[in-house]
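Work through the exercises below with the coordinates open. Try each task before reading its solution.

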Amino acid sequence: MKRLRIALVAGEASGDILGSGLMQALKAAHPDVEFIGVGGPLMEAQGLASYFPMERLSVMGLVEVLGRLPELLSRRKRLLKTLIEQRPDVFIGIDAPDFNLDLELKLRRAGIRTAHYVSPSVWAWRQGRVHKIREACDLMLTLFPFEAQFYDQHQVQVRFVGHPLADAIPLVADREAARAALDLPQDCPVVALMPGSRGGEVGRLGELFLDAAERLRALRPGLRFVLPAASPARRQQLEQMLAGRDLPLTLLDGRSHEALAACDAVLIASGTATLEALLYKRPMVVGYSVAPMTYRILKRMVKTPYVSLPNLLAQRLLVPELLQEAATPEAMAQLLCPLIDSGAVQTEGFDMIHRALRRDASAQAAEAVLQLAGRN
């Protein structure tokens, strides 16, 4: 039998993690497999010889994208030519939809089977993109069940594979061990503050969250706080915000998963961190704020009733969402305070979602890819 050749393209660190897990599962199911494409160090460790450094695709922000557009278009054109010459059995675009979907469309027209791993937020906004996805992809692999429902409704071949984080994070986290590792006391309530990982998010939410912490402490004098900083730049930003405040707060370098395992409740920015908090079964209040013009535009474009992943997954208002003017320190403190002791309604919902997402995602995705390649 001809050797199986799989092409993959990931554009950022999260895609590298997903890609390496998928490659490992593919090798376990079909040892005679060759990988080509673009990925990071984790995918390279699984046997991918990346055509160019993955970092060249990692661009955030409109201005930055415009500045790099000629290079991105040139790389995609050369990559397309190489992949058509190499004729992989399946091409898998991992996230990075702006780069990968065009590539998938042209490869599929050239007779190469294509899969896309991680759905764009097409169910939430710019729903018209589903028509391009239908043309570009033989198969969409989704992390969440509500995404699969959306694609089913729009006649796109889809498979819900579950989320790798749900496989990696235990169903019951060890709070005592996490507190010991972070040198936090075992005998008092701890709240995690997670105002985001990007400079703009921390700039908009950091002071708000710290003000909310001060109000919480007035309501619960024995409370302690833990705040993971996503990078040295974020740590410096947060240290400036903490100057002059008298808060019993432990500022961490990274270690967000340990912070979630150690805490009793979380004040958190909307984003993927809310999924991690859900998987650690920690009651939460979600706060978020963007520039007023951005909010007005998004409000017109976004089609979902909720912004946070826990509510989208529960398909109901499971966690409070405080957005824009509603995101005040007083409101955050009032909503979070009772959850420190009695967040069972949330955590029972979180447990059900965790079990639904815990499906051995990499193995499920590998099985779907092998079926698409006609090797299963």
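The exercises below concern a predicted model.

**Exercise 1. Cysteines**

Task: Find how many disulfides the whole structure holds, then examine C188 and C263.

Solution:
- Step 1. Search the whole structure. The result is zero disulfides.
- Step 2. Check C188. Its nearest cysteine sulfur belongs to C263 and lies 12 Å away. A disulfide needs two cysteine sulfur atoms within 2.5 Å. C188 is therefore in no disulfide.
- Step 3. Check C263 in turn. Its nearest cysteine sulfur is that of C188, at 12 Å. C263 is in no disulfide either.
- Step 4. Classify both by accessibility. The cut-off for buried is under 20% relative accessible area. C188 has 14% relative accessibility, so C188 counts as buried. C263 has 0%, so C263 also counts as buried.

**Exercise 2. Strand 8**

Task: Determine how many residues of strand 8 are buried, and which way their side chains point.

Solution:
- Step 1. Take residues 190-194, the span of strand 8.
- Step 2. Count the buried ones. Five of the five qualify, so strand 8 is largely enclosed by the rest of the structure.
- Step 3. Sort by direction. V190, A192 and M194 point one way. V191 and L193 point the other way. Both sets are buried.

**Exercise 3. Partners of strand 8**

Task: Identify the pairing of strand 8 with strand 9 and with strand 11, and the unit that includes helix 9.

Solution:
- Step 1. Start with strand 9, residues 224-229. Strand 8 pairs with strand 9 in the parallel sense, over three bridges. Within this pairing, A192 stands opposite V226.
- Step 2. Move to strand 11, residues 265-269. This pairing with strand 8 is also parallel, with four bridges. Here L193 stands opposite L267.
- Step 3. Add helix 9, residues 199-219. Strand 8, helix 9 and strand 9 form a β-α-β unit, and the unit is right-handed.

**Exercise 4. Surroundings of E44**

Task: Place E44 in its element, decide whether E44 is buried, partly exposed or exposed, and list its contacts beyond four places in sequence.

Solution:
- Step 1. Locate the element. E44 sits in helix 2, residues 41-45.
- Step 2. Assign the class. Partly exposed covers the range between the 20% and 50% cut-offs. At 40% relative accessibility, E44 counts as partly exposed.
- Step 3. List the contacts. Leaving out residues up to four places away in sequence, E44 touches G39 and S50.
- Step 4. Compare chain separation with distance in space. E44 and D16 are 28 residues apart along the chain. Their C-alpha atoms are separated by 9.1 Å.

Key
Residues are numbered from 1 along each chain as its sequence is written. This is a predicted model: local features need pLDDT of at least 70, side-chain atom pairs count only at pLDDT 80 or more; totals for chains, interfaces and linings use all residues. Side-chain values use heavy atoms; hydrogens and water are left out. Buried means under 20% relative accessible area, exposed over 50%, partly exposed in between (1.4 Å probe, protein chains only). Helices (H or I, at least four residues) and strands (E, at least two) are DSSP runs, numbered from the N terminus. Two strands pair if DSSP finds at least two bridges between them. A crossover is right-handed if, with the strands pointing away from the viewer, the path from the first strand over the helix to the second runs clockwise. Contact means heavy atoms within 4.5 Å.
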